[in-house]
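Work through the exercises below with the structure open beside you. Try each task before you read its solution.

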Amino acid sequence: MSYRTFSKPKLFPIFQIFGANTGVGKSVFSTSLCRGANLLPLLQFEKNSNINSHNADKRTVNYIKPVQTGYPTDSDSRYVKTHSPQTFTHDIYTYRDPVSPHLAAIIEQSEKSIPSDEEVCSKLSNLILDVSHRTGNVPSFTLLETAGGINSPTMSQTLQSDLFRRFRFPIILVGDSVLGGISTTLSSYESLLLRGFDVDCILLFGNELGNETQIQRNVDCPVLASPTVHPDSFHKRDPSGEPLMAEYYKEMDGWAEYVVEQLLVKQHRRELHINEMGERAEKSIWWPFTQHRLVNGKTMVIDSALGDWYNAYIPGVKINDINNCMDEYYDGCASWWTQSIGHGDSRLTKAAAYAAGRYGHVLFPECVHEPALELTEKLLTTVGAGWASRVFFSDNGSTAVEVGLKMAFGRMEENINSSDGLKGEKLESGTAMFDIIGFKGSYHGDTIGAMNISDPNVYNKKVNWYKGNGYWFDPPTLSFKNGHYRLKIPDSFDFDETDSENFGKIESAFSSERFDSNLYQKYKAFIRKTLEKETENGRLFGALVMEPVILGAGGMIFVDPLFQRALANVCQEGISMKNVYGRVKVPVVLDEVFVGFHRLGKPVWSAGVELLGIKPDVACFAKALTGGLIPLAVTLAREDVFECFDGQSKVDALLHGHSYTAHPIGCQVACESIDIYINEFSENKSNNVDGGWSDELTRQIAEHPKVDGIVALGSIFALELKTETKGYSSTSSSEIIQKLRQHQIFARPLGNVIYLLAGTSTDKETKDWLLKQLLDSLY
């Protein structure tokens, strides 16, 4: 259950100690720093802070050991308490055998169950919050010491560096001072950076090897060497050595006070920086799709992100009546629909780092590199399986659509020129002014060509060069209300009321049995009649461009799958063109930038192919292609589309590209993302289009008097509010959106439509929690 969140208490500095290896002296440094924190007089900002309302003259010092093995013979908490009696110590999990936590947990699993990562994080969160509450309005200093090395496995076998990433406390890395220690320390440091940790300093024992000098040359944080510790007293923890260690710690106290002061000052500056970032941003940044004066000092400062969550600060927002430095917010809009695998996934991070180290960026035309070739082959066996033979790379969804238009128009010219009904001269390449066939409420991007193939709407209303090259159907739609999905057919269709359908389950809307229905034939007849009337009036269609199933930016509109299937079939069967070209097949372009890669269910690679049963001529993918980490887009095409650009002259080629075409970093990350999708969905062979959203909670939300209808499909949950003003310009959702943020859900509406997106790994408990918060926010 991932919705148990951790909020960093304000002015409660916590530092996490990782070791470059086991036996490098983490507990010795923890002890020394705890002593130093107790001895160091309060700094001026601590005296002046609101937290010091009791005018305390010293800080409270805490030491936390989440996992202790070899207990009770060995106890780091007891050791710290022995040499720093004023420190409050805390253990969470203890195991008898002095081995790695994952082995210790296996040995004792007959006595106690192996705790999950969520249980460990929950217990640690609760302990920290409890300690911070008991500390009260007094300055403090807290150390959290890990076990073994940074990548030692925890009880669940998750690496420590991954488990504790959720908290992202500032790191004190204890380096290795022995022969070979430079390498282990630098490797540990890079591992921490790779996961997004801030390493505040590296501490290690000083000796004649002088490892600190070489380490400092290769890191961007202070490297501080302490006096040498007596090895027998340190390693054996022999009580007879305690007097020697007591003297040692006294010698270390001045050094430790200095280190603690540097740590506290850096943390204080970090908090000041976070507090002022929003104001600075509002003075200098021009945000997309944002009316700046409405932000009004409520800029969300995102410090980090992990999984489905942001760790962020919003001025003036209190969670559970506590004004924290940082709170966790569920990423309700999946960072503009890009997130699928989750923020900060170390598998994707390592893939990006590998490609960056191996290639950086390299030229692509007439060249190939391994990540691009591997990704091409993976795409042709997943989203392109059964129809595509070519992959064209670009940088974002809008560009992918523009590429798709050029491909489709090239194919359409060939279709016209090879038509049996052609009368007169053939079309000269590039001379025809094609329109497209689409849907009202569609959105394909903000570049000129992509914008011109959407109907006139709020996104292009004030754009001077917008032309609107197309005919857009007002589509039949589905939404959930009164216990079923109701089909709403526009009045312009002039169909009988008996043609409308209701579906108890969303899967029924995709049933192949509907293709044999009378409604399907009526759809096709209506479509053909409409399009051929348009061609008689002078239109020359070059492509059908549609977002399969869901029109995202238009308001999460659920288009009747049967209508989209009928429209694609009519185009692929051919329509009459101006009585000049005869009946001509119109290429089908699927814009799956939003819905591709499992957005509409697991495992649904391509919504158009797998849910609608369409084999397109061209299809566009982006967003979840890279799991949400980095921009990359692809346009897939059939071989006959590719052949339209084959010729002796370069001018006959597809003259499109950009500087970072098929950049190796994006390609490598996309390969890793596809592998993750395959592994996660290998056991699920049926199309799970309902997405695991609670039927009961969906029903309750749909029955709320403020709600006009709901779409719960795959990872999407969207509701439309009943309001006089509909569409993107509506502000009717503002109050509900603010309530959601109070409930730790960061959402951005589409006018009177409020939506939440889940990731591919978001569990059912989290989805239930999201819907409960949404329901509560409606009141």
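**Exercise 1. A pair between two helices**

Task: Decide whether glutamate 370 is buried, partly exposed or exposed, then find its salt-bridge partner.

Solution. This is a predicted model, so every value here is computed from predicted positions.
Step 1: Glutamate 370 has a relative accessibility of 47%. Buried means under 20%, and exposed means over 50%. Glutamate 370 therefore counts as partly exposed.
Step 2: Look for the partner. The side chain of glutamate 370 meets that of arginine 358 in a salt bridge, at 2.7 Å from N to O. The cut-off is 4 Å, so the pair qualifies.
Step 3: Place both residues. Glutamate 370 sits in helix α13 (residues 370-380), and arginine 358 in helix α12 (residues 346-358). The two are 12 residues apart, and the pair links distant parts of the chain.
Step 4: Check the partner's exposure. Arginine 358 is partly exposed too, at 41% relative accessibility.

**Exercise 2. Two more salt bridges**

Task: For arginine 166 and arginine 134, name the salt-bridge partner of each and say where the residues lie.

Solution. Recall the principle: side chains of opposite charge can pair when their charged atoms come close.
Step 1: Arginine 166 meets glutamate 118, with 3.5 Å from N to O. Arginine 166 is in the loop between α6 (160-163) and β5 (171-174), while glutamate 118 is in helix α5 (residues 117-135). The pair therefore ties together parts that are 48 residues apart in sequence.
Step 2: Arginine 166 is buried, at 13% relative accessibility. Glutamate 118 is partly exposed, at 23%.
Step 3: Arginine 134 forms a salt bridge with aspartate 130, and their closest N and O atoms are 3.0 Å apart. Both lie in helix α5, 4 residues apart, so about one helical turn separates them.
Step 4: Arginine 134 is exposed, with 53% relative accessible area. Aspartate 130 is partly exposed, with 36%.
Step 5: Now take the whole structure. A search finds 40 salt bridges.

**Exercise 3. Reading a sheet**

Task: In what order do the strands of the 4-stranded open sheet run, and which strands are at its edges?

Solution.
Step 1: The order is β8-β9-β10-β27, with mixed pairing.
Step 2: The edge strands are β8 (301-306) and β27 (745-746), since each pairs on one side only.
Step 3: Move inside the sheet. Strands β9 (residues 309-313) and β10 (residues 327-331) pair in the antiparallel sense over 4 bridges. Asparagine 311 stands opposite glutamate 328 in β10.
Step 4: Add the helix. Helix α10 (residues 242-284) lies across β8 and β9, at about 115 degrees to β8.

**Exercise 4. A surface patch and a loop residue**

Task: Which residues form a nonpolar surface patch with Ile107, and what does aspartate 652 contact beyond its sequence neighbours?

Solution.
Step 1: Val99, Leu103, Ile106 and Ile114 join Ile107 in the patch. Together the five residues have about 350 Å² of accessible area.
Step 2: Isoleucine 107 belongs to helix α4 (residues 101-107). Patch members need over 30% relative accessible area. Isoleucine 107 has 44%, so it passes and counts as partly exposed.
Step 3: Turn to aspartate 652, in the loop between α19 (639-643) and α20 (664-681). Aspartate 652 is partly exposed, at 38% relative accessibility.
Step 4: Leave aside neighbours within four places in sequence. Aspartate 652 then contacts Phe645 and Gly647.

Key: Residues are numbered from 1 along each chain as its sequence is written. This is a predicted model: local features need pLDDT of at least 70, side-chain atom pairs count only at pLDDT 80 or more; totals for chains, interfaces and linings use all residues. Side-chain values use heavy atoms; hydrogens and water are left out. Patches are made of residues with over 30% relative accessible area and no salt bridge: like charges are joined within 9 Å, nonpolar side chains (Val, Leu, Ile, Met, Phe, Trp, Tyr) within 5 Å. Accessible areas come from the Shrake-Rupley method with a 1.4 Å probe; for residues, only the protein chains shown count as cover. Buried means under 20% relative accessible area, exposed over 50%, partly exposed in between (1.4 Å probe, protein chains only). Two strands pair if DSSP finds at least two bridges between them. Contact means heavy atoms within 4.5 Å. Axes are lines fitted to C-alpha atoms, for helices over the stretch in contact, and angles run from 0 to 180 degrees between N-to-C directions.
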